[in-house]
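The exercises below go with the structure shown next. Each one gives a task and then a solution in steps.

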Amino acid sequence: MEELQIAIQRMKNKIAEILAPCMPSIYLHGSAAVGDFRLGWSDIDILVLTELKITEEQAKMLVGLRQAMLADNPSNPYYRSFEGGMLTLDAFLSKKPDRVVYWGTSGERITDSYTFNSFGMAELIESGVLLYGKDIRNQLTKPEFRALYADVNKHYETIRKYAQKTGRSFHSFGWMLDIARCIYTLRTGKIIAKTNAAEWALENNLCPDPDALRYALKVRRSPLEYKDDNQTFDYAETLAEPVQRFADALEKELKSVLPRSFLGKTVDILIDRPLGSKHPKYPNIIYPINYGYIPDVIGGDGEELDVYLLGVDTPVKEYSARIIGIVHRHNDVEDKLVAAPEGMHFSAEEIEEAVMFQEQYFDSVIELI
């Protein structure tokens, strides 16, 4: 690991030299910041935020810096592992267009934007290492649980789309570790290293195919040991079914965790199907209660999370109410929340009767706060 630290220090010094007039803050985050970096598998993630805009000349020097450092130090294999973005703090916070230097797996370029998801932001705030400059993390906002949930859901959809077949690469094992970390985040609201997440999932018997996860963990710990092992890559090609079964477990977590995070909370509800209105697809169903959704909170069906509003006897367009329960649908992709005005309570039997007009078509059970 001495070569890793040498590479990080030299890269930091060179970036700081080039961007000195722009007053940069240089951060290390991700696996290298938490001691989970594995050469041959991991990236060295850096983020550079400047006070002043990066000039065109500086950007041209930075975009090819990885290759230049490797050419100057060919015996150090870590320079090719650096990835990340360099842009102004203002553009990073506001998402406004800017001159951005981007280093990625597929190459490097000068562009006008940089995407940083909630996992990256949480890692940066909680475990990022300031390598150079002023620490500006007090200006960053820690992601709310619903942002983490949304990014887990996006990753779940990616797994369903792209991991129906697995190939002869370490990436095939990575699906297993990614799912373990997603489940950990859903249960705790925190981000941990992928290796630790896999160990946690095994300890808690969360993976339907524990042998596959153990194998993935073995490869993760020593990727260079297996990089030329045909048997390992033969096994990687068989991982599609274990990955999808583990994704089934993630799907169940996604379905149950988000609604429970709202229990007892007061939320603003937009009513799109007010009391007395007809169902948009089935006009024979008349809504005896107000029915709506929580804006910008995406549920298991890819649409905004639905809410039954009880205790309001007139049609309304919007309402602020307390979540008092959940209707869990065993044969649907999304559960429904149940809300009522502050101080008003309903029994499970009363809720069941109120929502029966629609829930009669589903195998559902009610959970109260």
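**Exercise 1. The open sheet**

What is the order of the six strands in the open sheet, and what kind of pairing does the sheet have? Then state which strands stand at the edges and how neighbouring strands are turned.

Solution. The coordinates are those of a predicted model.
- Step 1: Reading across the open sheet, the strand order is β5-β4-β3-β2-β1-β6, and the pairing is mixed.
- Step 2: The edge positions belong to β5 (107-111) and β6 (129-132). Each has a single partner strand, so one side of each is left without a neighbour in the sheet.
- Step 3: With direction ignored, neighbouring strands of this sheet are turned by 20 degrees against each other on average.
- Step 4: For one pair inside this order, take strand β3 (residues 82-88) and strand β4 (residues 100-104): they run antiparallel and are joined by three bridges. Within this pair, G85 stands opposite Y102 in β4.

**Exercise 2. The surroundings of β11**

Determine which strands pair with β11, in what sense, and whether its residues are buried or exposed.

Solution.
- Step 1: Strand β11 covers residues 336-340, and five of its five residues are buried.
- Step 2: Side chains of a regular strand alternate between the two faces of the sheet. In β11, one side carries K336, V338 and A340, and the other carries L337 and A339. Residues on both sides are buried, so both faces are covered under the cut-off of under 20% relative accessible area.
- Step 3: One partner is strand β9 (residues 304-309), which runs parallel to β11 and is joined to it by three bridges. In this pairing, L309 has A339 as its bridge partner.
- Step 4: Another partner is strand β10 (residues 318-329), which pairs with β11 in the antiparallel sense over five bridges. Here R322 stands opposite A340.
- Step 5: β10 and β11 also form a hairpin, with six residues between them.

**Exercise 3. From β9 to β8**

Describe how β9 is covered and how it pairs with β8.

Solution.
- Step 1: Five of the six residues of β9 are buried, which makes the strand mostly covered.
- Step 2: β9 pairs with strand β8 (residues 290-298) in the antiparallel sense, over five bridges. In this pair, G292 stands opposite V307 of β9.
- Step 3: The two strands form a hairpin with five residues between them. In the turn, G302 has a positive phi of about 85 degrees.
- Step 4: Put this beside the β11 pairing: β9 is antiparallel to β8 and parallel to β11.

**Exercise 4. Positive phi outside glycine**

Where do M23 and N205 lie, and which class of accessibility does each have?

Solution.
- Step 1: M23 has a phi near 55 degrees, which is positive in a residue other than glycine. M23 is located in the loop between α1 and β1 (24-29).
- Step 2: The relative accessible area of M23 is 41%. The class between buried and exposed runs from 20% to 50%, so M23 is partly exposed.
- Step 3: N205 is not a glycine either, and its phi is positive at about 55 degrees. The loop that holds N205 joins α8 (194-203) and α9 (210-221).
- Step 4: The relative accessible area of N205 is 69%. Exposed means over 50%, so N205 falls in that class.

**Exercise 5. A helix residue and a distance**

Place N13 in the chain, classify its accessibility, and give its C-alpha distance to I326.

Solution.
- Step 1: N13 is part of helix α1 (residues 2-19).
- Step 2: Its relative accessibility is 42%, so N13 counts as partly exposed.
- Step 3: N13 and I326 are 313 residues apart along the chain, and 54 Å separates their C-alpha atoms.
- Step 4: As a scale for this distance, the C-alpha trace spans about 75 × 50 × 30 Å along its principal axes.

**Exercise 6. The chain as a whole**

How many helices and strands does the chain have, and what percentage of its residues count as buried?

Solution.
- Step 1: The chain has 13 helices and twelve strands.
- Step 2: Of its 369 residues, 51% count as buried.
- Step 3: The accessible surface comes to about 18,000 Å², and carbon and sulfur atoms hold 48% of that.
- Step 4: Among contacts with a separation of 6 or more, 66% involve residues 24 or more positions apart.
- Step 5: There are 42 positive and 55 negative side chains, and the centres of the two sets are 4 Å apart.

Notes: Residues numbered from 1 in each chain as written. Predicted model: local features only at pLDDT ≥ 70, side-chain atom pairs only at ≥ 80, totals over all residues. Heavy atoms only, no water. Helix = DSSP H or I, 4+ residues; strand = E, 2+ residues; numbered from the N terminus. Buried < 20%, exposed > 50% of the residue type's maximum accessible area, 1.4 Å probe, protein only. Contact = heavy atoms within 4.5 Å. Areas by Shrake-Rupley, 256 points an atom, 1.4 Å probe, with all protein chains shown as cover. Lys, Arg positive; Asp, Glu negative; His and termini not counted. Charge placed at Lys NZ, Arg CZ, Asp CG, Glu CD. Pairing = 2+ DSSP bridges. Axes fitted to C-alpha atoms, helices over the stretch in contact; angles between N-to-C directions.
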